[in-house]
Every structure is written in structure tokens, then in C-alpha cells.
Amino acid sequence: MISFTVTALVFGVVFLAELPDKTALAGLVLGTRYRASYVFAGVAAAFALHVALAVAAGSVLTLLPQQIVHALTGVLFVAGAAMLLLKKGEDDEEIRRPEDQSFWKVAGAGFMLILVAEFGDLTQIMTANLAARYDDPLSVGVGAVLALWAVAGLGIVGGKALMKRVPLKLITRIAAVLMLALGVWSLWEAFAG
């Protein structure tokens with residue numbers, strides 16, 4: 001059974017952490033060059049694979065004693081918050097243009113771009129932490145996938161308009177504060193119990 005609370009929390013944290021990432025920009029660039037539905041299909045498939053791997057890794061962590069899991073996830077969340085706050089703007093990456101506009105070429109380009117760019121990314125690590133923290137792989141997986149798909153969709157369809165209205169710095173800071181709060185909470189639970 002899916003926990004709406006866990007799903008919503010994971011969605012919010014992952015969405016805010018992924019929004020300022022290079023993936024939204026890559027989705028925007030691909031979406032301006034190719035059919036949006038083709039790009040989204042490839043990007044969505046890559047994100048689903050990343051979340052499955054992250055949830056599996058997080059589920060393995062649940063085999064450890066709860067106090068160790070809370071301490072580990074707390075440290076990782078605090079580190080993730082620090083990474084977001086200290087992160088400098090990234091250079092635009094060159095995206096290779098498929099030779100034609102076929103579904104498989106465009107979706108494949110989107111899939112490979114995300115597969116490579118997101119492997120070991122902050123949101124993948126965060127998803128593994130959340131899976132370990134809540135011991136609810138289905139809720140965490142659904143929340144993370146929906147958040148990543150939402151960011152990809154925004155990037156592909158309307159990322160430029162959003163970035164004009166909401167400063168990237170503000171989005172990054174909100175994500176960092178949420179991660180810091182989760183980290184402090186996890187550390188408190190680890191050492192208070």
C-alpha cells in the first residue's frame with residue numbers, strides 16, 4: 001500500500017532538488033529541437049531506471065540497525081544540502097542531434113543523456129536515502145519518479161518561463177533547507193534513541 005504522506009514528501013524534496021539541475025536545462029534544449037513527447041518518453045524511461053536502482057540500494061540499507069540508518073541518512077542529507085548551497089552554475093552541455101526525428105532516435109538520445117548525466121547524481125543518492133529512511137520502497141519510488149517526470153516535463157515544455165518567474169537561486173536554497181531539515185531530523189533520531 002502506498003503512503004500518501006511519504007510519496008508527497010519524497011515528491012517535494014526530489015522535485016526541488018532536481019529543478020535547478022542540468023537535466024531540466026537538457027530537457028529544455030531537447031524539447032526545443034525535437035517532438036516533446038518523444039523526448040519525454042526517453043527521459044521518463046531513464047528516470048524510472050534510476051529510481052529503481054536508487055530504491056533497491058536504499059532498501060538494502062534497511063537491513064542495518066535503525067540507529068545506523070538514521071545516522072547515515074542524516075549525514076548524507078546534510079552533505080547533499082551543502083552540495084546544493086555550494087554548487088556553482090554549470091556549463092551548458094553540448095547535446096548531439098539525432099540524424100532524424102524518428103521516435104527511437106529522439107527517445108534514445110533523451111534516454112542516454114539522462115542515463116549518463118544522472119547516474120550517481122544527488123537526487124539518485126537522495127532517493128536511496130529516502131528509501132532507507134522510510135522503509136517504504138513503493139511510496140518513495142512513486143514520489144521520486146513523479147517528481148523527476150514533473151521536472152523533465154517542465155524542462156521540456158516550459159522551463160524557460162518558470163526560470164524567468166522563480167529565481168534558480170531561490171529554488172536551490174529551498175531544496176537545500178528541506179534536505180538540511182531532513183538531515184538534522186535523521187541525526188536527532190539516531191542519537192536521541
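**Aromatic pairs, a nonpolar patch and a buried leucine**

Y38, F103 and W104 come together as one aromatic cluster. That is a handy place to start with this model, which is a predicted one. The fold around the cluster is helical through and through: the protein chain has eight helices and zero strands, so along the sequence the pattern simply reads α-α-α-α-α-α-α-α. Of the 193 residues in the chain, 44% are buried. Contacts in the protein chain reach well along the sequence, too: among those with a separation of 6 or more, 93% join residues that are 24 or more positions apart. The accessible surface adds up to about 10100 Å², and carbon and sulfur atoms account for 70% of that area.

Back to the rings. With centres within 6.5 Å taken as the limit for a pair, the count comes to four aromatic pairs. One of them is F11 with F15, where the ring centres are 5.6 Å apart and the planes meet at 15 degrees, so this pair is stacked. Both residues belong to helix α1 (residues 4–18), and because they are four residues apart there, about one helical turn separates them. Their surroundings are not alike on paper: F11 is partly exposed, at a relative accessible area of 29%, while F15 has 17% relative accessibility and counts as buried, since the cut-off for that class is under 20%.

F40 and W149 make another aromatic pair, this one edge-to-face, with 6.4 Å from centre to centre and 70 degrees between the planes. F40 sits in helix α3 (residues 36–61) and W149 in helix α7 (residues 137–165), so the pair ties together parts of the chain that are 109 residues apart in sequence. Neither ring residue is hidden away: F40 is partly exposed at 29% relative accessibility, and W149 is partly exposed as well, at 30%.

Rings also turn up under a charge, and R133 is the residue to look at here. The charged end of R133 sits over the ring of Y134, 5.3 Å from the ring centre. R133 also lies over the face of W185, and in that case the distance to the ring centre is 4.4 Å.

On the outside, L64, I68, L72, L76 and I125 make up a nonpolar surface patch of about 370 Å². Helix α4 (residues 66–86) is the biggest giver, putting three residues into the patch. I68, which is located in helix α4, is partly exposed, with a relative accessible area of 45%.

For a look at the inside, L130 is a good choice. This leucine is part of helix α6 (residues 122–134) and is buried, with a relative accessible area of 0%. Leaving aside residues up to four places away in sequence, L130 touches V10, V14, F77, D135, V140 and L182. V140, one of these partners, is 10 residues from L130 in sequence, and the two are 6.6 Å apart in space, C-alpha to C-alpha.

Definitions and conventions
Residues numbered from 1 in each chain as written. Predicted model: local features only at pLDDT ≥ 70, side-chain atom pairs only at ≥ 80, totals over all residues. Heavy atoms only, no water. Phe/Tyr/Trp six-rings, centres within 6.5 Å; stacked < 30°, edge-to-face > 60°. Helix = DSSP H or I, 4+ residues; strand = E, 2+ residues; numbered from the N terminus. Buried < 20%, exposed > 50% of the residue type's maximum accessible area, 1.4 Å probe, protein only. Lys NZ or Arg CZ within 6 Å of the ring centre and 35° of its normal. Patch = residues over 30% accessible without salt bridge, like charges linked within 9 Å, V, L, I, M, F, W, Y side chains within 5 Å. Areas by Shrake-Rupley, 256 points an atom, 1.4 Å probe, with all protein chains shown as cover. Salt bridge = Lys/Arg side-chain N within 4 Å of Asp/Glu carboxyl O. Contact = heavy atoms within 4.5 Å.
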